[in-house]
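This report looks at charged side-chain pairs in a protein model and at where those pairs sit in the fold. The sequence and the structure come next, and the discussion follows them.

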Amino acid sequence: MEDLHRILVERLGEAVLLLDGEGRIRYANPAAERLLAVESGSSIGMRFQDFILQHDRELFQEIFSSSAGRAEGLEVKLRLHASDGALCHSLVRVTDLSAEPSVGGFLVEVCDVGTLEEVRRELERKEEELREFQTIVETANYGVVIADPDGYLLYVNPYFASLHGYEPRDLLGKNLQALHPPERREDVKGMRSCLLEKGCCSNIEVWHVHRDGSLFPLLMNAVVIRDNEGNPLYVVANMVDIGERKKWEEEREAYRHRLEEMVEERTRELSEANRRLQEEVEERSRVEEELRLRNLELDAFARSVAHDLRGHISVIDGFARTALSAGEEGEREMVAECLKGIAEGARRMERFVECLLAYARAGHPQEVVAETGLDCVVQEVKETLKEEMGKAGARLDVVGTLPAVLADRVLLYQVLYNLVSNALKFCPAEKDPCIELGCRPEGSRAVVWVRDNGIGIAPEDLESVFLPFTRVGEHPSPGMGVGLATAKRAVENWGGEIWVESTPGEGSTFFFTVPLP
């Protein structure tokens with residue numbers, strides 16, 4: 001018995017300690033050692049008060065002293081801090097065992113209040129869930145039945161009872177077999193045996209008897225709930241009245257031959273109508289989404305244009321005001337400088353307008369598209385950028401052969417020009433710009449790529465680079481911020497895609513697709 005008691009105490013999940021009259025620990029079970037974060041056996045001789053928060057020690061001493069000579073234990077909530085510094089809100093119960101010669105001292109039981117509170121909250125949550133499930137079952141538009149393994153009803157919901165013309169209380173304790181027609185009860189016994197063996201059944205059609213003696217069909221699904229040993233505890237079933245459906249099936253069977261052709265024809269008409277409607281819905285959804293994106297793009301575009309134009313106008317306005325003031329004071333040199341600034345501002349506005357026009361033209365649909373030699377357009381871009389590439393010490397290498405494609409020559413030139421010139425802009429001074437251009441077939445289209453060894457693009461900016469008037473990264477762009485947006489607009493014009501892959505510090509590769517002849 002002593003070994004049995006020791007095993008029970010050591011297996012307890014709650015902390016149990018034995019203190020002497022001075023409050024020193026004589027014994028601590030494993031749960032107590034875990035709570036106090038001490039090694040096995042190291043707490044023997046330590047004062048339990050040392051594990052109590054300073055502000056709560058007087059309260060414990062009062063309970064400890066008051067429990068002496070009392071038959072029943074005293075409880076108090078204390079804050080304990082373990083040797084590892086963890087704080088624990090605990091319910092401590094002190095019981096005087098001095099009357100037991102074989103034990104002596106004081107029994108201290110410690111329970112983590114946080115754990116108790118967690119259990120209480122979990123119970124409340126389970127009760128709330130149970131109430132919700134009960135409400136769902138009580139108001140369900142299908143029958144719910146719980147019976148013991150012998151078929152005696154333990155619970156029926158209002159819907160099930162009303163199907164049979166009863167109140168729920170009228171059916172409790174009755175055997176479910178009594179609700180079946182007498183001539184089918186042997187079949188019901190076999191069905192119940194099969195259910196208990198298999199554990200569940202689905203979509204089983206059964207016939208029940210109404211209180212007035214009429215028969216009606218039900219569609220049943222059932223499952224067996226078992227204990228840990230696998231023994232059946234009870235059966236849960238849900239049933240739906242399928243009388244209307246059975247009636248419709250009988251009518252359909254009776255008129256099937258006469259109506260078959262009409263049904264088939266109507267089915268074909270509905271199928272075709274649904275197909276057309278689906279196509280219209282999909283087309284409308286596509287147009288609405290495209291319109292939404294276009295509106296967002298137009299809004300952002302308008303804001304950017306207004307912002308940049310306002311900046312140019314502000315510069316011109318500032319130079320003009322300064323020139324007027326300098327003219328009144330006779331400062332001819334200042335007036336000349338201001339006029340130069342005004343002229344430069346006007347030129348920048350002109351370049352800005354040209355960029356806007358190029359962006360607009362890139363979005364105009366092309367009525368006639370002929371074959372365009374990709375290699376010819378690349379050569380034209382190289383000639384255009386020859387001087388700029390010479391100053392930068394850059395080279396443009398063409399990898400492999402370039403095919404003919406189906407794209408407007410002007411739009412294709414805009415795309416390649418913007419991609420190559422963009423590569424030149426973003427190559428650091430310490431590197432020799434190296435640009436590669438190649439193409440690979442991919443089904444009915446070609447994938448063209450332009451690779452550089454420039455500064456690269458951060459992952460979060462990969463989508464933003466194609467927005468008009470958007471400049472990303474820490475390196476300022478000398479352009480207007482419209483080049484990549486124009487390229488994207490041109491590629492989408494012929495139904496292609498454009499994207500970029502980049503590693504910061506190592507360079508970027510721009511891809512776009514174009515139809516093949």
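Across the whole structure, which is a predicted model, a search finds 28 salt bridges. Side chains of opposite charge can pair when their charged atoms come close. Three of the individual pairs are set out below, with the distance given between nitrogen and oxygen.

| Pair | N to O distance |
|---|---|
| R79 and D56 | 3.1 Å |
| E129 and R125 | 2.4 Å |
| K246 and E205 | 3.1 Å |

The salt bridge between R79 and D56 has its closest N and O atoms 3.1 Å apart. Because R79 belongs to strand β3 (residues 74–81) while D56 sits in the loop between α2 (30–36) and α3 (57–66), this pair ties together parts that are 23 residues apart in sequence. The two partners also fall into separate accessibility classes: R79 has a relative accessibility of 28% and counts as partly exposed, whereas D56, with a relative accessible area of 10%, is buried, since the cut-off for burial is under 20%.

The pair formed by E129 and R125 is placed within a single element, and its closest N and O atoms are 2.4 Å apart. Both residues lie in helix α4 (residues 113–139), where they are four residues apart and therefore separated by about one helical turn. E129 is partly exposed at 25% relative accessibility, and R125 is likewise partly exposed, with a relative accessible area of 36%.

In the third case, the side chains of K246 and E205 meet in a salt bridge at 3.1 Å, N to O. This pair links distant parts of the chain, with K246 in helix α8 (residues 243–328) and E205 in strand β8 (residues 200–209), 41 residues apart. K246 is buried, its relative accessible area being 18%, which lies under the 20% cut-off, while E205 is partly exposed at 36%.

Salt bridges also join into a network, which links E272, R275, R276 and E279.

As for the overall setting of these pairs, the protein has 13 helices and 17 strands, and 33% of its 517 residues are buried. Among contacts with a separation of 6 or more, 54% are between residues 24 or more positions apart. The protein exposes about 31900 Å², of which carbon and sulfur atoms supply 53%.

Methods: Residues numbered from 1 in each chain as written. Predicted model: local features only at pLDDT ≥ 70, side-chain atom pairs only at ≥ 80, totals over all residues. Heavy atoms only, no water. Salt bridge = Lys/Arg side-chain N within 4 Å of Asp/Glu carboxyl O. Helix = DSSP H or I, 4+ residues; strand = E, 2+ residues; numbered from the N terminus. Buried < 20%, exposed > 50% of the residue type's maximum accessible area, 1.4 Å probe, protein only. Contact = heavy atoms within 4.5 Å. Areas by Shrake-Rupley, 256 points an atom, 1.4 Å probe, with all protein chains shown as cover.
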